[in-house]
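Me: I am new to this structure. Please take a close look at one sheet and show me how it fits into the rest of its chain.

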Amino acid sequence: MKKDIILAGVGGQGIISIASIIGFAALEQGMFLKQSEVHGMSQRGGDVMSNLRISKNEIASDLIPFGKADMIISVEPLESLRYLPYLSSEGWVITNIRPFNNIPDYPDIDKIMDEISKVPHHIALDAEAIAKEAGSVKAANTVILGAAAPFLDMAYGKLEEAVKFIFRKKGEKIIELNLRALKAGYDFTNQHL
Amino acid sequence: MQNLLLLGDEAIAQAAMDAGLSGIYAYPGTPSTEITEYVQNSRFAAENNIHSTWSANEKTAMESALGMSYAGKRTMVCMKHVGLNVAADPFINSAITGANGGILVVSADDPSMHSSQNEQDSRFYGKFALVPILEPRDQQEAYDMVHYGFDFSETHKVPVLMRITTRMAHSRSGVKRINKVRKQNELKLPSDLRQFVLLPSIARKRYKNLLRDHALFIAESEISPFNKYMDGPDKSLGIIVCGISYNYLLENYTDRKLPNPVLKIGQYPMPRTLVEKMADECDEILVIEDGYPIVEELIKGYLGRGLKVKGRLDGTLPRDGELNPNLVAVALGKPDTIGLPVPDLVVSRPPSLCSGCPHIDSYYALSETLSALSNGRVFSDIGCYTLGALKPYEAINSCVDMGASITMAKGAADAGLIPAVAVIGDSTFTHSGMTGLLDAVNDKSPITIMILDNGTTAMTGGQKSPGFGKIEDICKGLGVEEAHIRVLKPLKKYHEENVAIMKEELDYQGVSVLIPRRECIVAIDKRMREKFKNKKAAH
């Protein structure tokens with residue numbers, strides 16, 4: 001098993017938390033992992049991306065080659081399109097549809113949605129709305145992760161364990177919230193496949 | 001199995017502590033910051049009294065480390081690549097003094113300038129100083145190299161440079177630690193107490209020693225565990241890969257079977273006989289290295305025998321920017337891969353000042369104050385406030401190196417651009433702005449210096465600012481007249497008042513210092529969270 005994942009979003013949206021949950025689940029299964037992060041200047045509200053690679057076999061490059069990513073997981077719709085050159089022809093885009101508008105020339109959201117719908121394999125969801133239903137908009141990133149779960153080739157329970165571990169210091173309530181959010185995202189994708 | 005998941009930076013820090021580190025010295029700079037932070041956050045470091053507080057700049061860091069080495073203990077200095085420019089004087093001379101306790105200088109390069117003003121290659125400095133250089137290919141090798149580097153430094157009595165890149169620094173992977181943590185060295189002064197006295201008569205001798213030892217360093221490179229010659233059947237091409245670029249090469253062979261002979265480099269000076277072997281066996285050599293074409297130039301030159309060398313200089317690889325698996329594929333004559341094109345509507349999303357950032361109010365006030373004058377008189381510096389160059393502010397006209405705002409404003413004023421304004425952050429001011437301020441005071445230069453005091457080193461993630469609470473005193477101490485040190489509150493409601501004060505000081509024909517002071521919004525957020533957490537814990 002080998003998954004090359006591009007994580008996309010805007011600085012401050014917390015894409016690294018998604019990476020840590022998938023990463024923990026992968027390591028628990030004895031897999032290799034490489035994850036390249038963005039620090040410094042671009043964290044100030046600029047576009048950010050992270051390369052996450054997990055594999056049963058040793059991984060060479062920290063960077064995913066263009067045209068080889070299995071999925072793009074994006075917490076923001078415009079950002080889901082920025083890294084399309086990385087996506088393989090079989091790859092999936094899993095993206096939030098809530099815009100994070102911090103630039104003067106943010107494109108029309110309908111046009112963004114048109115472009116997303118042109119990607120052969122995609123899942124687009126309103127993570128904030130789903131997270132709110134699950135208990136709090138704060139769990140939006142976990143909803144996105146849940147929506148990506150069916151493509152990770154991992155037992156769903158492994159991701160639940162990882163969520164419990166990553167949020168272990170935040171208390172039972174937060175863990176429960178995130179487990180519900182994970183499930184809601186997971187169900188969304190399964191209903192739309 | 002892997003037992004720690006670490007960033008490259010963290011692997012280096014962990015290794016240093018495992019190797020008997022007594023002190024780490026650094027000024028924050030992306031992508032090197034997390035090395036020092038890892039030590040600062042380590043309980044082991046606190047329990048074992050490992051020094052880890054920030055230095056005012058890279059030069060003071062390098063010198064403090066040299067002092068610790070003099071005293072016989074193991075020490076590490078960390079900086080971003082441009083920080084090595086600041087530390088260049090002690091760094092180059094430390095090769096002449098040599099080391100006593102092991103000293104490892106870690107310089108983090110930033111090819112493609114993710115967060116920097118240039119992509120200079122620190123290996124040039126290593127070569128210039130004639131010290132050995134280590135360049136890890138992955139997080140594990142980074143970990144292993146730190147141990148090796150300290151031993152090397154103590155065995156050969158020489159500082160060792162470790163060169164990493166952004167990709168190595170900020171990428172996470174599994175790392176195996178050694179079983180037994182090494183104890184810190186005892187205090188032990190150099191056997192020759194004049195070793196560190198670089199009077200010409202002594203320096204000449206020490207320099208001869210260094211030159212003599214250089215042959216030894218080459219011999220060490222020939223047998224280094226980090227330099228490997230791997231044979232391959234197809235001798236039409238030999239490939240030299242340096243550091244992380246080995247991974248990009250491997251990525252292009254899913255079965256990991258490389259058809260060509262490969263020389264993997266992780267330690268410099270270059271292992272000459274291994275390069276000769278490749279030159280003897282192969283028709284052409286392809287050099288794959290992140291950063292500048294240093295090895296490529298070197299082997300083109302020193303072999304001097306018409307060998308065909310391909311790389312960044314002949315266009316086989318791009319001359320600038322970070323390498324990746326695709327660029328290497330093309331260089332190998334393999335097909336490129338690419339997914340879907342980026343739709344035209346995707347606009348860029350540059351980083352910007354945070355909502356509520358005090359710099360925003362400072363810039364709006366300054367721009368209004370200057371609106372009656374011709375454009376182009378604001379010299380700025382390095383920090384979050386450099387983002388004031390972008391829309392909607394477009395408030396600054398320079399960003400060159402740490403501290404250059406004050407001295408460039410002074411030079412421009414000397415040339416007749418009056419008034420000239422310098423904009424500098426509190427941490428950048430104490431890093432390299434203070435000496436320039438003294439120049440301006442001594443010349444009574446008609447410049448207005450705005451020290452944006454947000455109480456932290458914000459750009460790199462909110463580290464403690466060395467001049468915290470001392471800014472006015474420093475300015476007074478350097479001779480700025482007290483009446484012309486004005487503290488402002490950068491808030492919308494004080495806008496008119498701030499503009500009026502700025503106008504007064506711009507009119508003053510001498511050095512004025514304006515200090516807009518308001519805590520960084522991100523720092524407040526962090527502080528409040530901590531407070532809330534502690535409160536909760538207390539209940």
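Reply:

**The sheet and its surroundings**

Strand 19 of chain B pairs with strand 20 (residues 512–516) of chain B; the two run parallel and share 4 bridges. This is a predicted model. Within this pair, B:Arg486 stands opposite B:Leu514 of strand 20.

Helix 19 (residues 495–507) of chain B packs on the sheet. Helix 19 touches strand 16, strand 19 and strand 20 of chain B. Its direction makes about 165° with that of strand 19 of chain B.

Now the whole sheet. It is open and has 5 strands of chain B, in the order 14-15-16-20-19. The pairing is parallel. Strand 14 (378–379) and strand 19 (485–488) of chain B are the edge strands, and each pairs on one side only. In general, the strands of a sheet pair through backbone hydrogen bonds, either parallel or antiparallel.

A second helix belongs in this picture. Helix 17 (residues 426–443) of chain B lies across strand 15 (420–425) and strand 16 (447–452) of chain B. Helix 17 runs at about 145° to strand 15 of chain B.

Next, step back to the domains. Chain B is divided into domain 1 (4–222), domain 2 (228–331) and domain 3 (358–523). The centres of domain 1 and domain 3 of chain B, taken over C-alpha atoms, are 34 Å apart. Contacts between these two domains involve 11 residues of domain 1 of chain B and 12 residues of domain 3 of chain B. On the domain 1 side, the touching residues are 6 nonpolar and 5 polar, with no charged residues.

Finally, the chain as a whole. Chain B has 20 helices and 20 strands. Its C-alpha atoms fill a box of roughly 75 × 65 × 60 Å along the principal axes. For 539 residues, a compact globule would have a radius of gyration near 24 Å; chain B has 26 Å, which agrees. Buried residues make up 53% of the 539 residues in chain B. Take the contacts in chain B between residues at least 6 apart in sequence: 79% of them join residues at least 24 apart.

One residue outside the sheet shows what burial looks like up close. B:Glu296 is found in helix 13 (residues 294–303) of chain B. B:Glu296 counts as buried because it has 24 C-beta neighbours inside 10 Å, and the cut-off is 20 or more. Leaving out residues up to four places away in sequence, B:Glu296 touches several residues, including B:Val287, B:Val309 and B:Arg312. B:Arg312 is 16 residues away along the chain, and its C-alpha atom is 7.7 Å from that of B:Glu296.

Technical notes. Residues are numbered from 1 along each chain as its sequence is written. Chains are lettered from A and ligands numbered from 1 in the order in which they are written. This is a predicted model: local features need pLDDT of at least 70, side-chain atom pairs count only at pLDDT 80 or more; totals for chains, interfaces and linings use all residues. The radius of gyration is taken over C-alpha atoms; the globule rule is 2.2 Å times the number of residues to the power 0.38. A residue is buried if 20 or more other C-beta atoms lie within 10 Å of its own, exposed if 12 or fewer, and partly exposed in between; C-beta atoms are placed from the backbone. Two residues are in contact if their C-beta atoms, placed from the backbone, lie within 7 Å. Two strands pair if DSSP finds at least two bridges between them. Axes are lines fitted to C-alpha atoms, for helices over the stretch in contact, and angles run from 0 to 180 degrees between N-to-C directions. Domain bounds come from an automatic or database domain assignment. Ala, Val, Leu, Ile, Met, Phe, Trp, Tyr, Cys and Pro count as nonpolar, Asp, Glu, Lys and Arg as charged, and the others, Gly among them, as polar.
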